[in-house]
Each structure stands twice: as structure tokens, then as C-alpha cells.
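Open the model in your viewer and keep the selection tool at hand. We will go stop by stop, with a word on what to select each time.

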Amino acid sequence: MQTVDVLVVGAGLAGLRTACLLARRGLSVLVAERRRSLSAGIRTTGIFVRRTLDDFPLPGHLLGPGIRHVLLYPPSRRAPIRLTSDRDEYRVADMAAVYAHARDAALAAGAGVLLGARYLGFSGGVARFAGAGPVRAGFVIGADGARSRVARDLGLDVNTRFLVGAEIVHPIASGTSTPAFHCVLDPRVAPGYLGWVIDDGRHAHVGVAGYPEAMRAGVRHLLDAFAATAPGRAAAVGPVERRGGPIPVGGVLRRLACPAGLLVGDAAGAVSPLTAGGLDPCLRMAELAAAVTADYLRTGDRRALERYDGVALRGRFRGRLLLRRAFGGLRSAAAAEAAVHVLRARPGRALAARILFGDGSFPDVR
Ligand SMILES: Cc1cc2nc3c(=O)[nH]c(=O)nc-3n(C[C@H](O)[C@H](O)[C@H](O)COP(=O)(O)OP(=O)(O)OC[C@H]3O[C@@H](n4cnc5c(N)ncnc54)[C@H](O)[C@@H]3O)c2cc1C
């Protein structure tokens with residue numbers, strides 16, 4: 001039976017980054033992933049915010065052009081509010097290439113990556129899989145996404161509040177669009193969140209997300225309805241890919257660690273409750289998770305785990321959780337139309353610019 005210091009379940013950005021950092025600290029690490037290929041079943045748009053690009057080395061060739069313009073549309077789609085930054089605020093990544101890059105970095109650091117291995121459970125220090133043999137591990141890291149099975153097995157907290165998102169991605173002829181982020185506030189297609197159109201210069205991403213209980217027609221149907229009339233969408237010139245999945249927006253979970261393991265990324269609820277961005281939190285939390293895990297395994301002192309404190313992190317989200325509640329409360333087209341109207345005035349534009357272009361998407365946990 002294979003034996004490792006740390007088993008990481010899930011080869012998303014959180015799992016691969018944490019594994020890489022642990023292996024660099026000299027621990028034996030295995031990442032187990034149920035997907036057979038990291039370029040299949042991608043669930044994210046891949047919008048990286050400026051703060052992430054400033055703080056973490058992501059090679060430029062994995063990223064689309066910088067985006068400085070955001071257009072915020074009311075449900076009527078008339079007269080969008082145009083917000084322009086004097087810096088590049090967003091870049092959309094080729095996520096298949098980002099995962100390949102993160103996997104290569106983990107492998108180069110000495111971690112193992114096992115694909116096609118679906119985690120089934122962990123007990124007595126042994127993890128069981130469908131598609132692979134059992135693995136004995138001193139510590140397990142749940143990087144297995146929003147509905148983490150590892151969290152349940154370790155008796156840690158689990159996410160309970162979700163948006164569900166779906167998008168279509170298709171190639172566009174290069175140069176057919178001006179890089180811009182089109183956001184449509186329309187509870188009829190995206191109750192509690194937004195419809196969006198954004199492109200990376202080569203692909204257009206058209207998506208919607210909202211509270212599942214309010215999406216009576218189903219997310220796929222709403223996405224198709226939105227895509228048919230979405231603003232700023234360039235024509236498809238090739239095959240269409242569909243992506244989607246749950247997004248935990250209840251804030252960072254309180255109980256994130258125990259002597260048998262800990263949680264990172266979506267499994268930890270590490271998503272900005274307001275913007276639903278989770279890529280920046282993945283990278284930030286991975287650093288703390290790796291430092292705490294290495295410290296704990298080196299010393300055997302359980303107090304090391306207290307630094308991985310969901311309660312303290314959660315406290316830094318109070319404002320964002322409140323704004324999420326207000327945002328989620330916009331359940332009619334008339335209310336959303338009125339909200340966009342309020343945002344047209346100077347204080348409203350300042351608030352929107354702060355949310356969209358500010359540095360506050362996720363606290364620095366390093
Ligand atoms: C439609 C959509 C669009 C989004 N767009 C953006 C965006 O543009 N920018 C942004 O910042 N955030 C975005 N998010 C959120 C962001 O993508 C996530 O927060 C982030 O990708 C989470 O990464 P993760 O590694 O924690 O989880 P995931 O990327 O979900 O990785 C979890 C991995 O665990 C694997 N796994 C699960 N169960 C098992 C098991 N039993 N055994 C083995 N493996 C398992 C999964 O296959 C997966 O590979 C979006 C989310 C959605 C749904």
C-alpha cells in the first residue's frame with residue numbers, strides 16, 4: 001500500500017497549489033483526483049483579479065488580455081453603467097493550461113498526482129478510492145470542492161449555502177471584441193447574482209449564476225435564454241464547451257482543521273460571498289494550509305492547527321456577507337432595475353468601482 005505524509009483529495013487549483021507547497025517543504029505528498037484529465041470537466045470561468053496577478057506568479061501566456069472596462073446592465077439591458085479602471089483589472093485564463101501548469105509545478109516539487117481516483121472515504125489512517133488502490137496517509141487535505149466528502153469524513157464543517165453557476169465557452173475570431181466584462185443584473189435569469197459575458201481574446205464565456213431554489217426553470221435553460229440575447233457576445237467560430245457547478249457563498253467555514261486533516265479552497269467555503277470569486281482564495285489559503293500542515297507534522301503539536309482558524313477568517317467577511325444578503329434579496333426585475341439606477345449616482349458608482357476594482361475580494365491569510 002502506498003504511504004504518504006499528506007494525501008490531498010482534489011486536483012483543482014487549491015489542491016495542486018497546496019500539494020506543491022507541501023512537497024517543497026520536503027513532505028511526501030499525493031494528490032488524488034477523480035477526473036481522468038485535468039482539462040476535462042472544468043467548472044470555472046477563470047477570471048483572475050488584479051490582486052491575484054500581482055501577488056502570485058501566473059505565466060502571462062496562460063492569460064488573456066487585460067480587461068479595464070466593466071459594463072453593468074439592468075434587466076432592461078438599456079443604458080449600461082460603464083466603469084473604467086486605469087489599470088488592467090481582470091484577465092481570463094486558459095484554465096486547462098493553468099491546471100497543467102499547477103500539476104507540473106507539483107510534480108517538479110516532488111508530489112505525486114493520481115488521476116481517475118475517486119476518493120470514497122478515510123478511516124484508520126487509510127483512504128479508499130474507486131479506480132485506485134488504498135493509500136495510507138498521516139494527514140488528509142480536503143481540496144475536493146464545494147460539496148466536500150473529506151469534510152464530512154473528518155467531521156469538519158460543510159458548506160450549506162450555494163449559488164449554482166453555468167456557462168458556455170466558445171472560440172471567437174480574434175480581434176472581434178474589445179476586452180470588457182459585461183455584467184447583467186437580472187433576477188429572472190440569475191436570481192441573487194449576475195449574468196456575464198467576458199472573453200479572453202480567443203474564447204467568449206457567457207454565464208449565469210443564482211440561487212438554485214430561485215432558478216425554477218433550471219440553470220441550463222436560463223443560461224440558454226440569457227445567451228440568446230446576451231450583450232457584448234462575439235459570434236462562435238467553433239465548438240461550444242459547457243461548464244458549471246455549485247459555488248459556496250456562505251463564507252469561510254468555522255471548523256476547518258482537526259488532527260487528521262484540513263480543508264482548502266471551495267471545500268473550506270473560501271469564496272468571496274459577494275463576488276463569488278474563489279480562485280484568489282484558493283491560492284491564498286493554500287499558502288497558510290501548507291505552512292500549518294508542515295508545522296503540525298514536524299512538531300506533532302496540535303496548537304499549530306489553531307492558526308488555521310475559520311472563525312477568525314470568517315470575522316473578516318462580515319461586510320461582504322451583509323452585502324451578499326442585500327444582493328441576494330433582489331428577487332424582481334423592478335428591484336434590480338432600481339438598484340442599477342441607484343448605482344448610476346456618484347456614490348453608487350464609487351461603491352461599484354470599489355467592489356469591482358478594489359483589493360478586498362479575500363483577506364490576505366498568509
Ligand atoms: C460556473 C463557475 C464560474 C466561476 N468563475 C470564477 C471566476 O471566473 N473567478 C473566480 O475567482 N472564481 C470563479 N468561480 C469559483 C472558482 O472556480 C472556485 O472557487 C475554485 O475553482 C475552487 O477551486 P478548488 O480547487 O477549491 O475546487 P475545484 O476546482 O472544484 O476542485 C475540486 C477537485 O476535487 C475533485 N474531486 C471532487 N470530489 C472528489 C472525490 N470524491 N475524489 C477525488 N477527487 C474529487 C474534483 O474533480 C475537482 O477537480 C466559478 C465557479 C463556477 C461554478
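Two strands pair here if DSSP finds at least two bridges between them. Helices (H or I, at least four residues) and strands (E, at least two) are DSSP runs, numbered from the N terminus. The model is predicted: local features need pLDDT of at least 70 and side-chain atom pairs count only at pLDDT 80 or more, while totals for chains, interfaces and linings use all residues. Residues are numbered from 1 along each chain as its sequence is written.

**Stop 1: the sheet**

Start by selecting residues 195–199 and 203–210, which are strands β13 and β14; they pair in the antiparallel sense over 5 bridges. Within this pair, Gly195 has Val208 of β14 as its bridge partner.

Next, add β12 (residues 180–184). β12 and β13 run antiparallel and are joined by 3 bridges, with Cys183 bridged to Trp196 in β13. Toward β4 the pairing is parallel, over 5 bridges, and here Tyr73 has Val184 of β12 as its bridge partner. How many of the residues of β12 are buried? The count is 4 of 5, so the strand is mostly covered; a residue is buried if 20 or more other C-beta atoms lie within 10 Å of its own, exposed if 12 or fewer, and partly exposed in between, with C-beta atoms placed from the backbone.

Now widen the selection to the whole open sheet: 7 strands in the order β5-β4-β12-β13-β14-β11-β15, with mixed pairing. At the edges are β5 (81–84) and β15, each paired on one side only. From one strand to the next, the twist averages 15 degrees.

**Stop 2: two helices on the sheet**

Select helix α5 (residues 219–229), which lies across β11, β13, β14 and β15 and runs at about 45 degrees to β11. Then pick helix α10 (residues 346–357), lying across β4 (69–73) and β5 at about 55 degrees to β5. For these angles, axes are lines fitted to C-alpha atoms, for helices over the stretch in contact, and angles run from 0 to 180 degrees between N-to-C directions.

**Stop 3: around the ligand**

Which residues are closest to the ligand? Select Gly10, Gly12, Thr44, Gly265 and Gly278, the closest of the 38 that surround the ligand (C-beta atom, placed from the backbone, within 6 Å of it). β15 supplies the largest share of this shell, 4 residues. Elements giving at least two residues each include α1 (13–24) and α6 (279–299).

**Stop 4: the nonpolar core**

Colour Leu7, Val29 and Val31, the residues with the most contacts inside the largest nonpolar core, which has 112 residues. Such a core is a set of buried Ala, Val, Leu, Ile, Met, Phe, Trp, Tyr and Cys residues joined through C-beta atoms within 7 Å. α6 gives the most to this core, with 9 residues. Centre on Val31: beyond four places in sequence, its contacts (C-beta atoms, placed from the backbone, within 7 Å) include Val8, Leu16, Ala106 and Leu114.

**Stop 5: single residues**

Ala257, in strand β16 (residues 257–258), counts as buried because 25 C-beta neighbours lie inside 10 Å. Not counting residues up to four places away in sequence, Ala257 touches Leu262, Leu305 and Tyr308.

Finish with Arg77, in the loop between β4 and β5. Arg77 is not a glycine, yet has a positive phi of about 70 degrees, and is partly exposed, with 13 other C-beta atoms within 10 Å.
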